[in-house]
Number of protein chains: 2
Amino acid sequence: MYVSARSDYALRAMLAVAAGCTGPDGDHADPAPRAGSGEPGGELVKAAALAESQSIPLSFLQGILLDLRRAGLLFSHRGTDGGYALARPATEISVGDVLRAVGGSLTSVRGLPAEVAGYHGVATGLRDVWLAVDGAIALVVDRTTLADLLAEDRSVRR
Amino acid sequence: MYVSARSDYALRAMLAVAAGCTGPDGDHADPAPRAGSGEPGGELVKAAALAESQSIPLSFLQGILLDLRRAGLLFSHRGTDGGYALARPATEISVGDVLRAVGGSLTSVRGLPAEVAGYHGVATGLRDVWLAVDGAIALVVDRTTLADLLAEDRSVRR
DNA sequence: CAGTATTCCTACTTAGTTGGTAGGAACAGT
DNA sequence: ACTGTTCCTACCAACTAAGTAGGAATACTG
C-alpha cells in the first residue's frame with residue numbers, strides 16, 4: 001500500500017481537527033468555542049493553525065481540506081471566526097473514510113481499481129489476490145476510527 | 001495498495017514460467033525439456049515466449065526477469081537453448097516473494113517504509129495503522145503461492 | 001458601507017517516478 | 001566462426017505527486 005503525502009496530510013489534519021488542534025506540546029491554539037449554534041463538532045479550527053501544528057504547507061493543505069469537505073467529512077465556515085470542524089463525531093469517522101475521500105480506491109493495479117483487471121491465461125488467478133488484499137486493507141482502515149487514534153493506548157483496533 | 005506494471009508483469013511472468021509458458025489458448029510453446037541435468041525447475045522458457053504469452057513488452061520484461069534472477073527466484077541460462085526456470089518449486093514461491101523482489105517493501109508512506117514515519121502530536125497513532133495494514137497485506141500475499149494461483153479452483157488461500 | 005479575515009477555487013510549476021526503448025557486451029552451444 | 005540467447009547500461013517520453021500563486025466569494029465587525 002502506498003500512502004501519498006496527500007493521504008497522510010489528510011489524516012493528520014483530521015486528527016488535529018478532532019483534537020481541537022492540539023499542537024506538539026499539547027497547547028490549544030485558539031479554541032474559539034462558538035457557543036450556541038447547531039453546527040457539528042465543537043470548535044472551529046483554522047487552516048493556518050492546522051498547517052502549523054502538523055507542519056503541513058498551508059496552500060497544499062487547503063486543497064486537501066476542500067476534498068474532505070466535499071466528501072462530507074468536514075464542516076467549514078468562512079469569515080473572521082471561520083475554520084473547520086468534523087461533520088460527524090470522531091467515533092464515526094474511520095481512517096478508510098479519509099483515505100477514500102482524498103485518494104480514491106484503496107487498491108489499484110496499474111492505476112485502475114482492482115476489480116477491473118484484464119488477466120488471461122495462467123494469470124487469471126491474480127485478480128482474486130488483489131481483491132483479497134483490498135479486503136484485508138479495508139478491514140484494518142475501516143475498523144479504526146479517529147477517536148481510536150486519539151486514545152494513546154490501544155490505538156489500532158483489532 | 002498500488003500494484004505497478006512492473007510488479008504485475010513480474011507475477012504474470014513467474015506464473016507463465018511455472019506453467020512452462022502456457023499461452024492463452026493452452027498451447028505449449030517450445031517445451032525444451034533439457035533432460036539429464038541438475039538444474040532447478042523442469043523446462044527452460046525463453047523471455048520472448050513469456051513476453052508473447054502474456055503480452056508484455058520484451059525489453060521491459062528482460063529487466064524484470066533480471067531482478068527476479070538476482071532475488072534468487074529464477075534460474076537462467078544463456079545461449080541457443082537458454083531461458084528461464086523457477087529456482088524453487090512453485091509451491092515454495094509466494095506472491096509476496098515476487099512483489100518484494102521487484103518493488104521493495106509492501107507498504108510505504110510517502111516513499112519511505114512504514115516503520116520510518118516521523119509523526120508527532122495527535123498523529124502519533126498513525127504509525128500503528130500502517131504497520132497493521134502492512135501485516136494484513138503480508139498475510140495475504142505470503143500465504144498465496146504460485147502453485148495456488150495455477151490451480152483454478154480455490155486460488156487464494158485463506 | 002468599508003474593511004478585514006477566512007474559506008474556496010483555478011491554474012501553474014517543478015521534480016521524481018513509471019513505463020518503455022535501444023544498443024550492445026558476455027556467454028553458450030553448433 | 002556463427003548464431004541465439006541472456007545480461008547490462010543508458011536513455012526517452014509521459015505522467016503524477018507535491019507544492020505555489022493569485023485571486024474570487026463569503027462572513028463578520030465597526
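Which element gives the most to the surface near DNA strand D? Hold on to that one for a moment, and hello, everyone. What we have on the screen is a predicted model, so please keep that in mind as we walk through it.

Here is the reply to my opening question: α3(B) gives the most, with 4 residues. Other elements help too. At least two residues each come from α1 and α3 of chain A, and from α3, β2 (74-77) and β3 (83-86) of chain B. So both chains appear in that list.

Let's stay with strand D. There are 27 residues around DNA strand D, and the closest are A5(A), R78(A), K46(B), A47(B) and S76(B). Sorted by class, the surface has 8 nonpolar, 11 polar and 8 charged residues. Now look at the DNA side. Which part of the strand comes within 4 Å of the protein, sugar and phosphate or bases? Sugar or phosphate make up 79% of those atoms, and bases make up the rest.

You can find this in single contacts. In Y9(A), a polar side-chain atom sits 3.3 Å from a phosphate oxygen of DNA strand D. H77(A) also reaches a phosphate oxygen of that strand, with a side-chain N or O atom at 3.1 Å. R78(A) reaches a base instead: a polar atom of its side chain is 3.2 Å from a base nitrogen of DNA strand D.

Now over to DNA strand C. Here 26 residues surround the strand, and K46(A), A47(A), S76(A), A5(B) and R78(B) come nearest. Sugar and phosphate account for 79% of the strand C atoms within 4 Å of the protein. By class, this surface divides into 8 nonpolar, 10 polar and 8 charged residues.

Three contacts to phosphate oxygens of strand C are worth finding on your screen. A47(A) uses its backbone, with an N or O atom 2.7 Å away. Y84(A) uses a polar side-chain atom, at 3.0 Å. From chain B, the side chain of H77(B) has an N or O atom 3.3 Å from a phosphate oxygen. The elements giving two or more residues here are α3 (58-70), β2 (74-77) and β3 (83-86) of chain A, with α1 (5-18) and α3 (58-70) of chain B. The largest share, 4 residues, comes from α3(A).

We just met A47(A), and it takes us to helix α2 of chain A, where A47(A) is among the buried residues. Why is this helix described as largely enclosed by the rest of the structure? Because 6 of its 8 residues, in the stretch 47-54, are buried. Besides A47(A), the buried ones are A49(A), L50(A), A51(A), S53(A) and Q54(A). What covers them includes α1 (5-18), α3 and β3 of chain A. Just after the helix, S55(A) takes a positive phi of about 55°.

One last stop: a sheet that draws on both chains. This open sheet has 3 strands in the order β1(A)-β4(B)-β5(B), with mixed pairing. At its edges stand β1 (2-3) of chain A and β5 (112-113) of chain B; each has a single partner strand, so one side of each is left without a neighbour in the sheet. Strand β4 of chain B, residues 108-109, runs antiparallel to β5(B), and 2 bridges join them. If you want a spot to zoom in on, S108(B) stands opposite P113(B).

That's my tour. Thanks for listening!

Key: Residues are numbered from 1 along each chain as its sequence is written. Chains are lettered from A and ligands numbered from 1 in the order in which they are written. This is a predicted model: local features need pLDDT of at least 70, side-chain atom pairs count only at pLDDT 80 or more; totals for chains, interfaces and linings use all residues. Side-chain values use heavy atoms; hydrogens and water are left out. A residue is near a molecule or strand if one of its heavy atoms lies within 4 Å of it. A polar contact is a pair of N or O atoms within 3.5 Å; within protein, one must be able to donate a hydrogen and the other to accept it, and residues adjacent in sequence count only if both atoms are side-chain atoms. Ala, Val, Leu, Ile, Met, Phe, Trp, Tyr, Cys and Pro count as nonpolar, Asp, Glu, Lys and Arg as charged, and the others, Gly among them, as polar. Buried means under 20% relative accessible area, exposed over 50%, partly exposed in between (1.4 Å probe, protein chains only). Contact means heavy atoms within 4.5 Å. Two strands pair if DSSP finds at least two bridges between them.
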